[in-house]
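Grab a pencil and work through these exercises one at a time. Try each task yourself before you read the solution below it.

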Amino acid sequence: MSENNILVFIENNNGNVNVNVNVLQVSLELISKATELAKTLNVKVCGVILGFNFHLQNEMLENIAHYGLDEIYVIDDPRLKHFTSIPYAKAISALIRKLNPNIVLFGATTTGRDIAPRIASELKCGLTADCTDLQLGEYTIKNKTYQNTLLQIRPAFGGNIMATIVSPDSSPSMATVREGVMRLNSVDPNKKAIIVNEKLSDLNVFDSDFQTEVVEIILKEKSVDLKNAKIIVAAGMGASSEGAITLIKDLARTLGGEVAGSRPVIDAGVLTKDHQVGQTGITVRPTLYIACGISGQIQHRAGMEEAKRILAINKDPNAPIFSIAHYSIVGDVMDVIPKIISAYKNKL
Amino acid sequence: MCLKIIVTVKQVPDTHNITGDAMKADGTVNRALLPAIFNPEDLNALEEALKIKENIRVGTSASASITVVTMGPPKAVEVLKESLYRGVDDVVLVSDSKFAGADTLATSYVLSLAIKKLGHFDLIICGRQAIDGDTAQVGPQLAEKLNINQITNVEEILEITNGSAATTATTTATTTFKVKRATENGYEILKSKFPLLLTVTATANSPRPASAKKVMIYKNFSIKESELSYLSNAADTKEDKHNECKVWNVNDIGADINLCGVSGSPTKVKSIQNVVLTVSESKQIANTNENICELVRELTREHILS
């Protein structure tokens, strides 16, 4: 068994009733990124997946491997059907001790952000949260230079700075990575991974570690899909009246886009939380982002600045949103939006 | 039974409300000019603790006590004072220059020792994350260091039930805690026994304001000069309680200095880059029908609109 590999936590929605078991998009993105890092480091990409009844899911495991996995460690146990912190964290910690990887990656999901810190604490290793980029590079401290160390890049300080974090003496370096920031590999149907089955008892997980009882799992239908939207029409406090929201929904429907909102609009209860774009909401990368009555606080910009085009509509000519907009219209959204709708309809 | 609750809090720069005053000419933030505030989700954690304390039935022998712990510079006494204003029973400032520069691992180590020094506890409530780092790591790391169960991202505490029929039970070992945890797909309803650590989200509650009566009681609450030196041997007497803040240093909690602050932090900041959000190419579109029609045509030509 070779050491210094890259280990990716492969998260699945195992245990969610009425949903086919599948792997989260972010895990596939991490495998893809790991293959790039592994090439430079000349190491293997390994994955670890926990859950129940994977023997029924052979095809799924094979499909994951197509993204570039060399080895996949499967921990299959009825007690892992639902995620709970201690068993998951202890099993992965034990596997890390056994495999001795150089880098361990998790999605920055509620599960990833729950267990990664617990694992880092147990292993006393460095962990960087919510990375938006991973690179390999040099780090020098006190005349000691580390080659090919993991550079973990993340927004910090409310998104006002981008920090590059390293854990040079930490074995392994661990990071959680945001969904949607790493490019997916193209699928290679010939790529096969070695499947290794691991037992919980061999990983020092015992009955006494199952301290959380899962009473119920309530799935909530997501009404919007901002991540995959090509066009987003977003409301700020300057467009939060009932009339303005109706117009924004109209415009989104006309253009075939989704409706979003800034944090104050969500906090005011005008739109639900799944519509929130920004630092504490969703990071989006649409082709066109239409910011209606959004002042452009840095927290909001952090969630949408990577839109290919930004059209800003605001009454205040000094609104900060105009500093990042490709197209600026100074005016009232109640007046401007009907003009856009009519221009679009007449163009056809 | 007396339920012992510990709440961990942090004083943070207010990164969420950056006003023009804190912006530099180059479009970056002057961090020194940001006001120091009570980390917002820690106020939600505190509120959950205060609600539990209030909801434990009056007239029975059941009760709850809340101790607030923070690690930070002497100035962080401000968030402890704010906690007292809202009705907590005791506060501790864990402060030493050796703790400076700590990442989440070193922070959770120091907090875990301070909590061990406080003695028996049932429940630790933390804010989900602090707005200066947004890591959400200290809660789970603290739970691991104390070897207790954790439930993160809690939106609601649903039920506290005592397995033993008598509320006069002297232990909380049979008490079960039921909470609602928010996930990407919806919610989980989870149960756990004590001891337990929860991290609480901003949507859990609306934190209460300070009580005017408590403000009067604790208005002079501060760190005594002697507490900042090693010469202190002042006992924690009742007379001092309303005025004097307990301060624990590296020796008080028996910490290994190699595991504190910068030396105890495996992560290092290699570089930071200020974020300047401006675009090079920007078009001003006049608010007229012709100009907006031209814009729609241009976006269509470029396949941005279909």
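**Exercise 1. Work out how strand S1(B) is paired and whether it is enclosed.**

Start with the partners. S1(B) and strand S4 (residues 63-71) of chain B run parallel and are joined by eight bridges. (Helices, at least four residues of H or I, and strands, at least two of E, are DSSP runs numbered from the N terminus; two strands pair if DSSP finds at least two bridges between them.) Want one position to look at? Val7(B) sits opposite Val68(B) in S4(B).

Next, look for another partner. Strand S6 (residues 123-127) of chain B also runs parallel to S1(B), with four bridges joining them. Here Ile5(B) has Leu123(B) as its bridge partner.

Last, check burial, where buried means under 20% relative accessible area, exposed over 50%, and partly exposed in between (1.4 Å probe, protein chains only). Of the eight residues in strand S1 (residues 2-9) of chain B, six are buried, so the strand is largely enclosed by the rest of the structure.

Before you go on, a word on the ground rules: this is a predicted model, in which local features need pLDDT of at least 70 and side-chain atom pairs count only at pLDDT 80 or more, while totals for chains, interfaces and linings use all residues. Residues are numbered from 1 along each chain as its sequence is written, chains are lettered from A and ligands numbered from 1 in the order in which they are written, and side-chain values use heavy atoms, with hydrogens and water left out.

**Exercise 2. Find salt bridges inside chain B and say how buried their residues are.**

Step one is the rule: a side-chain nitrogen of Lys or Arg must lie within 4 Å of a carboxyl oxygen of Asp or Glu. Over all chains, the structure holds 31 such salt bridges.

Step two, take Arg128(B) and Glu41(B), whose closest N and O atoms are 3.1 Å apart. They're 87 residues apart in the chain, with Arg128(B) in the loop between S6 and H4 and Glu41(B) in helix H1 (residues 40-55). Arg128(B) is partly exposed at 24% relative accessible area, whereas Glu41(B) is buried at 7%.

Step three, try Asp90(B) with Lys246(B), at 2.7 Å between the closest N and O atoms. This pair joins strand S5 (residues 90-94) to strand S11 (residues 246-248) of chain B, 156 residues apart. Asp90(B) is partly exposed, at 23%, and Lys246(B) counts as buried, at 18%.

**Exercise 3. Describe how chain B meets chain A.**

First, count residues. With contact meaning heavy atoms within 4.5 Å, chain B brings 72 residues and chain A brings 81 residues.

Second, get the area. Buried area is the accessible area (1.4 Å probe) that two parts lose on being put together, summed over both. Between chain B and chain A that comes to about 6,800 Å², with carbon and sulfur atoms giving 55%.

Third, which residues form the one salt bridge between the two chains? Arg181(B) pairs with Asp114(A), with the closest N and O atoms 3.6 Å apart.

Finally, look for strands that pair across the chains. Strand S11 (residues 212-219) of chain A and S9(B) run antiparallel over seven bridges. Glu213(A), for instance, stands opposite Lys191(B) in S9(B).

How values were computed. Two strands pair if DSSP finds at least two bridges between them.
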